[in-house]
Structures are given as C-alpha cells and as structure tokens.
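Before reading on, please bring the sequence and the coordinates up side by side. The paragraphs below go from the whole chain to one part of its sheet.

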Amino acid sequence: MRNQEKKKPKVLFILHLPPPIYGATIANVYIQNSILVNTAFDSTYINLATNTKLKDVGKATLKKPLMFILMVFKVIKALLKDKYSACWVTLTATGPAFYKDLIIVSVLKLFNANIVYFMHNKGVSNASKNSFKQMLYRYAFRNTKVILSSKHLYQDVQEFVDERNVYYCPLGIPETRVEQVPQLLFGKVEKCRLLFLGNLMREKGVLVLLEACNILKERNIAFTCSYVGGWSDVPEVEFNDLINKYSLGEEVILHGPKYNTEKVWFLENSDIFVFPTYYHYETFGMVNLEAMEYGLPIISTPEGGIPDLVIDGTTGYLVPQRNAVQLADKIEILIADAGLRKKMGEYGRHRFKTHYTLEKYEAKVVEVLASVMGNGDDYVPSTNKNPSDIGINYG
C-alpha cells in the first residue's frame, strides 16, 4: 500500500479560493475538499486570490502586492520541493489579474511545468484584439492544456489553443434537496414567486429584472420577487429608489445574502428562477444548477455556457440580454401556466441529476487530469480510502 501511495501523481493546484464567495471560488473549494481528487493525486494547494471582498475585485489595494509576492514565493518553494505531474491554474482571462497570473505562469514555465488552465471566466477573444495582449496570450497558452466548462466557450480561446488541447469539464454542485419544505415563506401561496439568487451586480441583470417586474405590475399580474444576495456594484440607495419609482414595495423583497439551509428555504419556496445575466465573465452560471436541483424552471440568457444548462423551451427560457420586455413576456407565460412550470422544472431536475452533480464533476476532474498527465483511460484511481488517510499539502 505504501509503495502505491508513493506512485500517486503529484498535482499543484494554484486556484482562487474564498473569500470572496462566487461561482469560481466555490467550484475550486469543491476540488480542494474532494476525497476523490485528493485520493487520486498527491495534491498541493496554493490560493491565487488577492481579494478578500467582492467589492475589491479589480481594485488596487496596498495589501494585494504583498499577498502576491508571498504567493510567488510559495509557488517557487513548491516547485523546488517536488516534481509535479501537472500544475492546475485558474487563469484569469483579462484585466489586471491576468498580468498577475501571467507572472505565476512564467514561473511555472521556467520550471517546464505541465500546465493546465481551468478557465472560470472569459474575454480573451475581445482582449486579444490589442496586438500586445495578443502576444501575451500566445505566450501564456503555448504548450499548455485548457479546461472549459462548456463547448460554447471554446470560441473565446480558439485563436490560441488547438481544440485537441482542450478538455470539457462541466461544473457540478452537491445535492442538498431533501423532502419538500412546507410553503412557509409567504404564507398561503396566492402569487407566483420569482427568485433571483446571486450577488447584486449590475451585469447579473438585477436592474433588468426590476424593470421587468415593473412591466408585469403594469400588466396587473400578481407576483412577488425575492432578491437573495449581497450588495456588489449596485448601490442599495439606487435599488431602493427604483423600487419606490416603480411602486414595487409589495412585490419586490430584498433578503440579503443567504447560505446553506436559509438559501435552501428560498429555493424550496419559489416558483420561477430568474437570472438575466449579461456579465462579461459569465461562463456557467452555477446558481442555475441550484435552481435545476430544486425543480425550478429557469429564465436566463445565452451568456457563456448557460445554453448547456437552460434548454430553451424545455427547462426554461433564454431571453436576449438587457431586454426587460422579453424577460417580462417569458415570466408572464410561466406565471399563467403552473403545469408548464412543473414540467420544465422536472426536466431540469432530471438534467441536473444526470449531468451536474458534484460526484460527476469530481470524477471528470480526475479523468481530465489523468489525460493531461498521459495516463488516459488506463489510469483508474482508488477511492476506497478514509478521508483521514489523504495527505493534502497547502503551499
């Protein structure tokens, strides 16, 4: 047994971990805590994040350079100590963070590391129109492998990465749904209940949804809309001013961020999930997975890999971005047809169970890494281990 343990491939994971909490950091925590992944590989983890609050993303602070210097030393120390079969990096696609990540990548390249990127965001195709950035991208992607969560995202990197070097790994989340929770959130259910779940960011479509709510009210349609999430770049004052302007005080309810059982409560006590994102970094929309697990029909947009999750007309609807009228139209259709809501929700739940559970995500991560390291189908990791037997290193 000990000889087998020594043969476990070493993998260096350099990835963004919370805080702050958002889709990519949650997906990375799942890997960090995965018994399957950490049984298959001798894993070392280094946190690539220099932000501790969502509002600090993209902003310069005095603390960030010090955190980054420490991070570089951790990477160098890890590379000097061990020979890794693969180095997994959650490369930021654009912006100042790309240049930060590129320094880490340069260190890995100096050590001739086997680099594989998991792209949790996008924007390469637009940013590379600049000739200088194009040169940097060519350097960054040269002799590397790339993991994408959806085939819809390949076009973003196709100029720099041959598809033979691309792996597709859909994200997954743990199953949390239990027996149906009694309908307690709004007492007796007389109005259709809409739910938005996520950070209250402008590009997530929070104000587009608010405008759609105004349209629904003007059409004399009864509903409530719960916003569950923390404030981001939309000022609370601006949001409340719009609620007052549209006279939506009885329809729109702000609940703040909710986690674990509190979040489950909202998922169990809603009828329609609405996520009208136009976020330029959006790749997958993990909140859609949560809605699918709880059997909610989803109205979203064709951003990133969301069309893999929301099958238009089957598990919900995809609407054009920033189009409050069409968003309101689709919401109205679902409000009027409880049978359609149930049918779409059930199909979405089946799709979640078939493709997007945490177990399937973890297994795909192991499969992809085995392929990156050249083990392919011949590599079958043993999973019959006690979690306490797993050795995990933290750089």
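What follows is a short walk through a predicted model, beginning with totals and ending with strand pairing.

Taken as a whole, the protein has 395 residues, of which 53% count as buried, and its secondary structure comes to 15 helices and 13 strands. Among the contacts with a separation of 6 or more, 76% are accounted for by residues 24 or more positions apart. The area that the protein exposes is about 18500 Å², and carbon and sulfur atoms supply 52% of that area.

With these totals in mind, one may turn to strand β4, which spans residues 115-118. In a regular strand the side chains alternate between the two faces of the sheet. In β4, I115 and Y117 lie on one side and V116 and F118 on the other, and as these four residues are all buried, with under 20% relative accessible area, both faces of the strand are covered.

Which strands pair with β4, and in what sense? Strand β3, made up of residues 86-89, pairs with β4 in the parallel sense over three bridges, and within this pairing V89 stands opposite Y117 of β4. Between these two strands the chain passes through helix α5, residues 96-110, in a β-α-β crossover that is right-handed. Strand β5, residues 145-148, also pairs with β4 in the parallel sense, again over three bridges, and here V116 stands opposite K145 of β5.

Technical notes: Residues are numbered from 1 along each chain as its sequence is written. This is a predicted model: local features need pLDDT of at least 70, side-chain atom pairs count only at pLDDT 80 or more; totals for chains, interfaces and linings use all residues. Side-chain values use heavy atoms; hydrogens and water are left out. Buried means under 20% relative accessible area, exposed over 50%, partly exposed in between (1.4 Å probe, protein chains only). Contact means heavy atoms within 4.5 Å. Accessible areas come from the Shrake-Rupley method with a 1.4 Å probe; for residues, only the protein chains shown count as cover. Two strands pair if DSSP finds at least two bridges between them. A crossover is right-handed if, with the strands pointing away from the viewer, the path from the first strand over the helix to the second runs clockwise.
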